[in-house]
Amino acid sequence: TAYAFCAGRAPPPPAASPSARRRILDAGCGTGCGTEYLAFLNPDADVVAIDISGAALDVARERLRRSVGAEVVEERVTFQEVSIFDVAEQVEGEFDYINCVGVVHHTADPTRAVQALAKKLKKGGILHLFVYATHGRREITLMQKAMRYLGKDASFEEKVATARKVFAALPPGNRLKEREEDRWAAENQRDATFADMYLHPQEIDYTVPDVFDLVKQTGLEFLGFSNPKNFDLARILGHDAELLAKACALPERERLELVELLDPESVTHFEFFLSNGPLPIPHPADPNAPSARMAWTDDAALREAAVVIGPCMNGRPGRLVFDRDYMPARLSEEEDAVLTAVEEGAVTVKEALEKARVEDLGVVRRLVDQTMIILTPAGESA
């Protein structure tokens, strides 16, 4: 799904052999929430999950045994206790996809951590990173600093109790108090979650320029943020066409930075994809796209493409679904009809359109853009 999001199509067969299995690394897997997702969504891949905590790996291993099954764990999921800094030396082989969420910003040297991961990424492979954002977490950072004074020499339980007392004591209208109550309180009911946010001893946050500096030092290519809608300037400046046009004329990085400067509360983290060289797309790509993304501008090629349902959509059957961002999305009647046709066995776009009695190829292109369907060029095995 990550490849489809970045490239606009299903990944081509592995270069070594069409029957070769893809390899996925979950770097800093913790208790296995992401590992579980990766193993479930990629039944044709072997997954290696690493973490510095043996206790966390024990929980992850048991989590996957209960969810995807002991047989899957035995056959294609490996757990290894190793630091992200030692991955190049201690983890065997290279990977088609590396997932690293909420990890490197908690290390003393995030750049070196990402550089270590880059060494394990195959040519044409994708690295998925998640780091915290400076401006959107401003109140969190202030509270973290305050607790370094108020929580000196205290136990974990005492620090949590003190931090909760601080929020209770702050006067109405206080910026830190309001942000906690309006944005974070629901998920911070558990002490562990609350402490991870306000009491973590090591955290390095990023701005848009910081993200691109990090990318430059890794030698990898920036493919884009995983939540592009959040960086759509029309969301912020759409009520003034002249101002929006001026903002959209800026270079890409300045446009992205403008979003976090004008709407910092919407950018609490950065989640993005990097690649080791160009993605292997054996088909003409859209020259105007920000990355080597499949264009699907050729109507004949689109009609003949093989089609499957994207695994990150939930809620089918029905027209109200959750999209890849876990946001509600209402399908048009034509979109619903095309998806139903694929679910009922249509294997090409042409077949799906005929079964759905839909003529507009724009319907298919919209579904591709949302990764609700994934296409493979005709004549190519997925």
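**Figure 1. The whole chain is built from 17 helices and 11 strands.** This is a predicted model. A compact globule of 382 residues would have a radius of gyration near 21 Å, and the chain comes in at 23 Å, so the two agree. Measure along the principal axes and the C-alpha atoms fill a box of roughly 70 × 55 × 40 Å. Buried residues account for 46% of the 382 residues. As for who touches whom, take the contacts between residues at least 6 apart in sequence: 71% of these join residues at least 24 apart.

**Figure 2. The outside of the chain and its charges.** About 19300 Å² of the chain is exposed, and carbon and sulfur atoms supply 52% of that area. Counting charged side chains gives 44 positive and 61 negative ones. The centres of these two sets lie 2 Å apart.

**Figure 3. Helix H2 and what covers it.** Start with the residues that H2 hides: Thr35, Leu38, Ala39 and Leu41 are its buried ones. Several elements help to cover them, including strand S1 (22-27), strand S2 (45-51) and helix H3 (54-76). Strand S3 (77-81) and strand S4 (95-101) are also part of that cover.

**Figure 4. Tyr37, a partly exposed residue of the chain.** Stay with helix H2, which runs over residues 33-41, and you'll find Tyr37 there. Its relative accessibility is 34%, which is why Tyr37 counts as partly exposed: that value falls between the 20% and 50% cut-offs. Setting aside residues up to four places away in sequence, Tyr37 touches Cys312 and Tyr326. With Tyr326 there is also a polar contact, side chain to side chain, at 3.3 Å. For a sense of scale, look across to Glu265: this residue is 228 residues away from Tyr37 along the chain, and their C-alpha atoms are separated by 28 Å.

**Figure 5. Gln144, a buried residue in helix H6.** Helix H6 covers residues 138-150, and Gln144 is one of them. Is Gln144 buried or exposed? With a relative accessibility of 5%, Gln144 counts as buried, because the cut-off is under 20%. The side chain of Gln144 reaches the backbone oxygen of Met197 at 2.8 Å. Met197 turns up again in the list of contacts, along with Arg137, Tyr198 and Glu203, once residues up to four places away in sequence are left out.

**Figure 6. Asn230, a buried residue in a loop.** Here we leave the helices: Asn230 sits in the loop between strand S6 (221-225) and helix H11 (234-237). Its relative accessibility is 17%, so Asn230 counts as buried under the 20% cut-off. Which backbone oxygen lies 3.0 Å from a polar atom of the Asn230 side chain? That oxygen belongs to Ser266. Leaving aside neighbours within four places in sequence, Asn230 is in contact with Ser266, and with Arg235, Val259 and Val267 too.

**Figure 7. Glu178, a partly exposed residue in helix H8.** Helix H8 spans residues 175-184, with Glu178 among them. Glu178 has a relative accessible area of 38%, so this residue is partly exposed. Now look for Ala247 as a far-off marker. Glu178 and Ala247 are 69 residues apart in sequence, and from C-alpha to C-alpha they are 31 Å apart in space.

Terms used
Residues are numbered from 1 along each chain as its sequence is written. This is a predicted model: local features need pLDDT of at least 70, side-chain atom pairs count only at pLDDT 80 or more; totals for chains, interfaces and linings use all residues. Side-chain values use heavy atoms; hydrogens and water are left out. Helices (H or I, at least four residues) and strands (E, at least two) are DSSP runs, numbered from the N terminus. Buried means under 20% relative accessible area, exposed over 50%, partly exposed in between (1.4 Å probe, protein chains only). Contact means heavy atoms within 4.5 Å. A polar contact is a pair of N or O atoms within 3.5 Å; within protein, one must be able to donate a hydrogen and the other to accept it, and residues adjacent in sequence count only if both atoms are side-chain atoms. The radius of gyration is taken over C-alpha atoms; the globule rule is 2.2 Å times the number of residues to the power 0.38. Accessible areas come from the Shrake-Rupley method with a 1.4 Å probe; for residues, only the protein chains shown count as cover. Lys and Arg count as positive and Asp and Glu as negative; His and the chain ends are not counted. The place of a charge is taken as NZ of Lys, CZ of Arg, CG of Asp or CD of Glu.
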